[in-house]
Amino acid sequence: NLTGYGIKCIDCLADYNGQKTPDESALGASGFYLDHQTSARDIVFTNCIAHHNTERGLSIEALSQKVIVSDCEFYYNQLSGIHVATAQRVNIHNCICHSNGTWSSAATTSYRKSGIDLDAPLAVVITGCTCYDEHSSGNQTQEYGIEQYGTANIVSGVIACNACGYNKIES
């Protein structure tokens, strides 16, 4: 759980966090989590890996501002690889998000299971990312490469030059 200003995570690993899933009456855990109740600002993730976490690889929640994520990899997380919710000025560059969404419970319809999911962020830039599912056809778990949903309204956003293919639901 990261809160504060000017934090740099370089060459970090977040794996196997959390023990139970939300439908087991417990909160799961994201690999990296920017708290939704504080204003995390000027946060940089470079060359980090998050995998096999019981929620998301990286969760950038409300009030977070000026977040840069570059050259990172997120895979085999039970929900999305990267989740961006109402954060502002988020830049995601040259990241790989694959084979996320491994939580197979029927209770997951309200949870996103994509490479990158966007829920109403402001000024988000996503470039040069690769989002795919390496599971065989019919067994994919990652629903979309990049997903914008709900009341999402990306203001001043750029989503360009990304490779998103071979996911459960092609977009």
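This report walks through a predicted model, from its sheet to its core, its cysteines and a couple of loop residues.

## The sheet

Let's start with the strands. Six of them, in the order E1-E4-E7-E10-E13-E16, make up an open sheet with parallel pairing. Strand E1 (8–10) and strand E16 (158–160) sit at the edges, and each has a single partner strand, so one side of each is left without a neighbour in the sheet. Going from one strand to the next, the twist averages 5°.

If you trace a strand in the viewer, keep one general idea in mind. In a regular strand, side chains alternate between the two faces of the sheet.

## Walking across the strands

Begin at the E1 edge. E1 and E4 run parallel and are joined by 3 bridges, and here Ile-10 stands opposite Thr-46 in E4. Moving on, E4 is tied to E7 by 5 bridges, again in parallel. Look for Arg-41 in this pairing: its bridge partner in E7 is Gln-65.

Further along, E10 and E13 pair in the parallel sense over 5 bridges. Val-90 is a handy marker, as it stands opposite Val-124 in E13. At the other edge, strand E13 (residues 122–127) is joined to E16 by 3 bridges, and these two run parallel as well. Two partnerships to find there are Ile-126 with Ile-159 in E16 and Thr-127 with Ala-160 in E16.

## The nonpolar core

Which residues touch the most other members of the largest nonpolar core? They are Phe-45, Ile-60, Val-69, Phe-74, Ile-92 and Ile-116, out of 29 residues in that core.

Plenty of strands chip in. The elements giving two or more residues to this core include strand E4 (41–46), strand E7 (65–70), strand E10 (88–93) and E13. Those four also appear in the order of the open sheet. Also on the list of contributors are strand E3 (32–34), strand E6 (58–60), strand E9 (82–85) and strand E12 (116–119).

## Cysteines without disulfides

How many disulfides does the structure hold? The count is 0. Take Cys-9: the closest cysteine sulfur to its own is in Cys-12, 4.6 Å away, which is too far for a bond. The cut-off for a disulfide is a pair of cysteine sulfur atoms within 2.5 Å. Cys-9 is also buried, with a relative accessible area of 8%.

Cys-72 tells a similar story. The closest cysteine sulfur to its own belongs to Cys-48, and at 4.5 Å that is too far for a bond. Is Cys-72 buried or exposed? Cys-72 is buried, because its relative accessible area is 3%, and buried means under 20%.

## Two loop residues

Now for the loops. His-135 sits in the loop between strand E14 (130–132) and strand E15 (146–148). Its side chain makes a polar contact with the side chain of Asp-133, at 2.5 Å. Leaving out residues up to four places away in sequence, His-135 touches Tyr-76, Ser-99, Gln-140, Thr-141 and Tyr-166.

Asp-35 is in the loop between E3 and E4. Would you call Asp-35 buried or exposed? Its relative accessible area is 12%, so Asp-35 is buried. Finally, check how the fold brings Asp-35 and Ser-59 into view of each other: they are 24 residues apart in sequence and 8.3 Å apart in space, C-alpha to C-alpha.

Terms used: Residues are numbered from 1 along each chain as its sequence is written. This is a predicted model: local features need pLDDT of at least 70, side-chain atom pairs count only at pLDDT 80 or more; totals for chains, interfaces and linings use all residues. Side-chain values use heavy atoms; hydrogens and water are left out. Two strands pair if DSSP finds at least two bridges between them. Axes are lines fitted to C-alpha atoms, for helices over the stretch in contact, and angles run from 0 to 180 degrees between N-to-C directions. A nonpolar core is a set of buried Ala, Val, Leu, Ile, Met, Phe, Trp, Tyr and Cys residues joined through side-chain atoms within 4.5 Å. Buried means under 20% relative accessible area, exposed over 50%, partly exposed in between (1.4 Å probe, protein chains only). A polar contact is a pair of N or O atoms within 3.5 Å; within protein, one must be able to donate a hydrogen and the other to accept it, and residues adjacent in sequence count only if both atoms are side-chain atoms. Contact means heavy atoms within 4.5 Å.
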